Amino acid sequence: MASRQITQEQQPWLLENGDPKRLTKEARHGHGRSRTAHGMSATSLRKKSDHALVSRVRCASLRNVLVNIQEVILGTKLSILFPAIPAAIIAHYLGLGESWVFILSLLGLTPLAERVSFLTEQIAVYTGPTVGGLLNATCGNITEVIIAIFALQSNQIAVVKYSLLGSILSNLLLVLGTSLLCGGIANIGDEQKYDRRQADMNSLMLLLALLCHLLPLLFTYTAASPELTAEPSLYLSRAASIVMLGAYFVYLIFQLWTHRQLFEAEEEGEGEGENNSAEEEAVIGFWSAFAWLAGMTVFIALLSEYVVDTIQDASDSWGLSVSFLSIILLPIVGNAAEHAGAIIFAFKNKLDITLGVALGSATQIAMFAVPLCVLVAWIMGVKMDLNFNLLETGSLALAIIVTGFTLQDGTSHYMKGLVLLLCYLVIGACFFVQRTPLNPNDVPNNITLKSFTDSVLSA
């Protein structure tokens, strides 16, 4: 009876891949007894599906389709937001208002981003931990990358820079700060410790990214006329982007091969290990997961296009600056599932997983997504550089420095989380009151302090 029940639960795998006994233990369970922080965090919002009703369907193909729908669409606590996807499409074609299209698109992107993480985990069960790690390293922030590419097509360089900067700030200050604050309060009687080695490595990568952002900014102040430094700054940014992508490639080798143990979250407790092993089992087939991943990417691209096209109208309608919407609102919605997972594990006093999610995502954005967008813009003929302007680059520098000081001793308490969270609130307030034109031609990107002061005085 027990083996019959197991067979019914493994129907999706049987239909696409044959006998599950042919899989090795490592292949079936991906990472064995340890998993990456992103992988463990991604399971926090998933719901265990009951296939009792679906298993009664006699047609094997129909049963496979129903199991896929149950696992992919209903297998998350964010499934209530899926109706926002068709609602955004209907609102777009009926012309119900650009602000409605914007907010519905953001809500629709939230479950899609979480489901992409789930599907990459499913594919990793079949491909093994190394390929799974590479998938996570490239698809972990696919929402931000797709939004950036559509913004580049519309020549909205400011939106690209703001959204990518906001993702880094959100991970370093909001996610990490909220996690340390909540974890410190929930475990106020316990000493919270974490492995500093992973945090140190991510901090070094973020400092390298900061250097690549600072140099084009400082380069604009070396000449009396900004026109003389515009092209050299662009060339410097493209060269720095190539260096950053190369460094990220080496970082992947460091993370997935040579020092993999530093980035794996060990499972604690026998009962907990059994539960996690169950979660690592594939619930849908390989080709089904691949097809669902492709379909989710199409909808992410569609909603991302809506977000880019309507952000200016939403800004005008709500009286909020584009910088605030891009830096604060977009990252919070796009990474809501991942952020929630980091906070949940902080409550459980598993800060290594929390740090892996927050710092890992920030590093992935800074060292992979940002330089990738610069090179994609180069191919598209769009002049995007790494000069994020003085206010934005200063905010990034302070966020990285404050986070580095916070994590230097290997222990945590709620006061550290509160300080990080307050830093984020102050930066958010800064961009809330800032009014910057979306069109980069309205304000020169390389304007100097002297020319800006002269123009204000003359006005």
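Six salt bridges turn up when the whole structure is searched, and the model they come from is a predicted one. Three of these contacts are walked through below, one of them joining Arg197 and Asp195. After that comes a negative surface patch, to which helix α14 is the main contributor.

**Salt bridge Arg197–Asp195**

- Arg197 pairs with Asp195, and their closest N and O atoms sit 2.8 Å apart.
- Arg197 has a relative accessible area of 49%, so this residue is classed as partly exposed, the cut-off for exposed being over 50%.
- Asp195 is also partly exposed, because its relative accessible area is 24% and buried would mean under 20%.

**Salt bridge Arg196–Asp200**

- Here the side chains of Arg196 and Asp200 meet, with an N to O distance of 3.7 Å; a salt bridge calls for a separation within 4 Å, so the pair qualifies.
- Both residues belong to helix α11, which spans residues 196-219.
- Because Arg196 and Asp200 are four residues apart in that helix, about one helical turn separates them.
- Arg196 is partly exposed at 36% relative accessible area.
- Asp200 is likewise partly exposed, with a relative accessibility of 32%.

**Salt bridge Lys383–Glu231**

- Lys383 and Glu231 bring their side chains together in a salt bridge of 3.2 Å, N to O.
- Lys383 is in the loop between α17 (351-380) and α18 (389-406), whereas Glu231 is part of helix α12 (residues 227-258), so this contact ties together parts that lie 152 residues apart in sequence.
- Lys383 counts as exposed, because its relative accessibility is 56%.
- Its partner Glu231 counts as partly exposed at 30% relative accessibility.

**Negative surface patch**

- If you are thinking about charge on the surface, take a look at Glu98, Glu305, Asp309, Asp313 and Asp316, which form a negative patch.
- Helix α14, running over residues 286-318, gives the most to this patch and supplies four residues.
- Asp316 is one of the patch residues and is found in helix α14.
- With a relative accessibility of 54%, Asp316 counts as exposed, since the cut-off for that class is over 50%.
- Patch members must have over 30% relative accessible area and no salt bridge, so Asp316, at 54%, clears the accessibility cut-off.

Notes:
Residues numbered from 1 in each chain as written. Predicted model: local features only at pLDDT ≥ 70, side-chain atom pairs only at ≥ 80, totals over all residues. Heavy atoms only, no water. Patch = residues over 30% accessible without salt bridge, like charges linked within 9 Å, V, L, I, M, F, W, Y side chains within 5 Å. Areas by Shrake-Rupley, 256 points an atom, 1.4 Å probe, with all protein chains shown as cover. Lys, Arg positive; Asp, Glu negative; His and termini not counted. Charge placed at Lys NZ, Arg CZ, Asp CG, Glu CD. Helix = DSSP H or I, 4+ residues; strand = E, 2+ residues; numbered from the N terminus. Buried < 20%, exposed > 50% of the residue type's maximum accessible area, 1.4 Å probe, protein only.
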